[in-house]
Amino acid sequence: MTGKDKVIIGLVIGVALFLGVQLGMVLSDNIFVVLGVMLLIGLIARVAAQAIIKQLK
């Protein structure tokens, strides 16, 4: 995995964490639910980004 791939994955994770926080805030006022949703969306986005980058190479 090159440095360029790591930057792309980092950007994808950052955007996914932001969107996870937004979704968590819509679903619940509980901070633990918000953090759980945020981390789950971030993990799914990371795995998806890695799989897409692997297939493109």
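Buried residues are those with under 20% relative accessible area, exposed residues have over 50%, and partly exposed residues lie in between (1.4 Å probe, protein chains only). The model is predicted, so that local features need pLDDT of at least 70 and side-chain atom pairs count only at pLDDT 80 or more, whereas totals for chains, interfaces and linings use all residues. Residues are numbered from 1 along each chain as its sequence is written, and side-chain values use heavy atoms, with hydrogens and water left out.

**Figure 1. Overall view of the protein chain.** The protein chain has two helices and zero strands; helices (H or I, at least four residues) and strands (E, at least two) are DSSP runs, numbered from the N terminus. Because its radius of gyration is 13 Å, well over the 10 Å that the globule rule gives for 57 residues, the chain is more spread out than a compact globule. That radius is taken over C-alpha atoms, and the rule is 2.2 Å times the number of residues to the power 0.38. Along the principal axes, the C-alpha atoms fill a box of roughly 40 × 15 × 15 Å. Of the 57 residues, 23% count as buried. Contacts (heavy atoms within 4.5 Å) with a separation of 6 or more come in 53% of cases from residues 24 or more positions apart.

**Figure 2. Close-up of Ser28 in the loop between helix 1 (3-27) and helix 2 (31-56).** Ser28 counts as buried because its relative accessibility is 18%. The side chain of Ser28 reaches the backbone nitrogen of Asn30 at 3.0 Å. When residues up to four places away in sequence are not counted, Ser28 touches Val33 and Val34.

**Figure 3. Close-up of Val37 in helix 2.** With a relative accessibility of 16%, Val37 counts as buried. Residues up to four places away in sequence aside, Val37 touches Gly20, Leu23, Gly24 and Leu27. Phe18 is 19 residues from Val37 along the chain, and the C-alpha atoms of the two are separated by 11 Å.

**Figure 4. Close-up of Asp5 in helix 1.** Asp5 counts as buried, its relative accessibility being 7%. Apart from neighbours within four places in sequence, Asp5 is in contact with Ile53 and Lys57.

Definitions and conventions. Polar contact = N/O pair within 3.5 Å; in protein donor to acceptor, adjacent residues only side chain to side chain.
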